[in-house]
Amino acid sequence: MARWGAGLLCLTLVSCGVERLEKRIEGLEGSVRDLHRELQLTWANALCSGDVQQLIERVSQSCAAAAEAERNTRFEGVCRESDIGRHLLDADPRGQGRFLSLMNSQRHSVFYIAPGQNSLVPRRVEKLKTRLLPQRRLPTTKFLIASNSASNPLVGRDKGKGKGKAAPPNPEKANPEKTMEEGARRIELVNNLLLELGIPKSLILRWLFSFPIDNAEFQREDDKTAIGETDDPYSGVWVFRVDCAEPPLLTPVTPDGP
């Protein structure tokens, strides 16, 4: 009987010890989650300006809410949310909606793709590979592909000026739907390249929206059109490596390889 009682007491003590251990483990797991979240926020603050973080976060939230309407269409997975322009105005410190000026602080590459062009310039591909891909990806890393949904307002403006002739119309400007479809096609070309280079689909953001372009925004010669490419800056597809994100984009994952 005494042995039975001692055994019961032992089992009770073990059970209590296990319960305390489980609670301690739960507490440690919660602390690890909190620490991981703080680290992600620290990365975000260190690698991006607050304006860029704000733009990425708000547009991602807005587009996620509108994504269902684009399912099974040629624009599926492409953010065309009309609020992008409003979010851009809010994020731009000057309130001018200058997308390229705002994003210039991020590592980026650009492809200039003429209508009907179905391949990417090899030199541009190499620039992207060496500039955006070698560094180890973080849990907060995204690759943003942005293409203009507006045609170049300067195309055809001055042709015939002073000769008694009216400037010929810009066919894309006259057909916004065609311009939108061409923008989506350009995005798809660059998106396929990123997939081929091993970038997971979940890390790629695709934006198709209207944003003004000014030559003064090109801080590097590489950002400008080159010989052998279309000279229309509105045909550019910009790829930004964005190593920051704020909730709800933060996810409890570990950094993966390049």
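# Exercises on disulfides, a sheet and a helix

Numbering the bonded cysteines of the protein chain in sequence order gives the pairing 1-4, 2-3. The model is a predicted one, so let us begin with the cysteines and work outwards.

## Exercise 1: the disulfides

Find how many disulfides the structure holds, and say which cysteines form them.

Solution.
- Step 1. Take a cut-off of 2.5 Å between cysteine sulfur atoms. A search of the whole structure then returns two disulfides.
- Step 2. One of them joins Cys 48 and Cys 244, with sulfur atoms 2.1 Å apart. The other joins Cys 63 and Cys 79, where the sulfur atoms are 1.5 Å apart.
- Step 3. Place the second pair: Cys 63 sits in helix α2 and Cys 79 in the loop between α2 and α3 (83-91), so this disulfide ties together parts 16 residues apart in sequence. Both Cys 63 and Cys 79 are buried.

## Exercise 2: the link of Cys 48 and Cys 244

Work out which parts of the chain this disulfide joins, and whether its cysteines are buried or exposed.

Solution.
- Step 1. Start with the geometry: the angle about the S-S bond is -95°, and the link of Cys 48 and Cys 244 is left-handed.
- Step 2. This pair links distant parts of the chain, 196 residues apart: Cys 48 is in the loop between α1 (2-47) and α2 (50-66), and Cys 244 is in the segment after β4.
- Step 3. Buried means under 20% relative accessible area. Cys 48 counts as buried because its relative accessibility is 6%. Cys 244, at 0%, is buried as well.

## Exercise 3: the sheet

Give the strand order of the sheet and name its edge strands.

Solution.
- Step 1. List the elements: the protein chain has seven helices and four strands, and from the N terminus they run α-α-α-α-β-α-β-α-α-β-β.
- Step 2. The four strands make an open sheet with mixed pairing, in the order β1-β4-β2-β3.
- Step 3. β1 and β3 (204-209) each pair on one side only, which makes them the edge strands. On average, neighbouring strands of this sheet are turned by 20° against each other, direction ignored.
- Step 4. Look at one pairing in detail: β1 and β4 run antiparallel and are joined by five bridges. Phe 111, for instance, has Val 237 in β4 as its bridge partner.

## Exercise 4: the two sides of α5

Explain why the buried residues of α5 lie on the same side of the helix, and find what they pack against.

Solution.
- Step 1. In α5 (residues 122-132), the buried residues are Arg 124, Val 125, Leu 128, Arg 131 and Leu 132.
- Step 2. Around the axis they cover an arc of only 145°, so they fall on the same side of α5.
- Step 3. Turn to the face away from that buried side: there you find the exposed residues Pro 122 and Thr 130.
- Step 4. The buried residues pack against β1 (108-112), β2 (142-148), α7 (176-196) and β4 (236-242). The helix α5 lies across β1, β2 and β4, and runs at about 165° to β1.

## Exercise 5: confidence

State the average pLDDT of the protein chain and find where the pLDDT stays under 50.

Solution.
- Step 1. The average over the protein chain is 78, and 66% of the residues score at least 70.
- Step 2. Over residues 159-169 the pLDDT stays under 50, and the model has eight contacts beyond four places in sequence for them.
- Step 3. Residues 247-255 also have a pLDDT below 50; this stretch has 23 contacts in the model beyond near neighbours in sequence.

Conventions:
Residues are numbered from 1 along each chain as its sequence is written. This is a predicted model: local features need pLDDT of at least 70, side-chain atom pairs count only at pLDDT 80 or more; totals for chains, interfaces and linings use all residues. Side-chain values use heavy atoms; hydrogens and water are left out. Buried means under 20% relative accessible area, exposed over 50%, partly exposed in between (1.4 Å probe, protein chains only). The arc is that of the directions from the helix axis to the C-beta atoms. Contact means heavy atoms within 4.5 Å. pLDDT is the predictor's confidence in each residue, from 0 to 100. Two strands pair if DSSP finds at least two bridges between them. Axes are lines fitted to C-alpha atoms, for helices over the stretch in contact, and angles run from 0 to 180 degrees between N-to-C directions.
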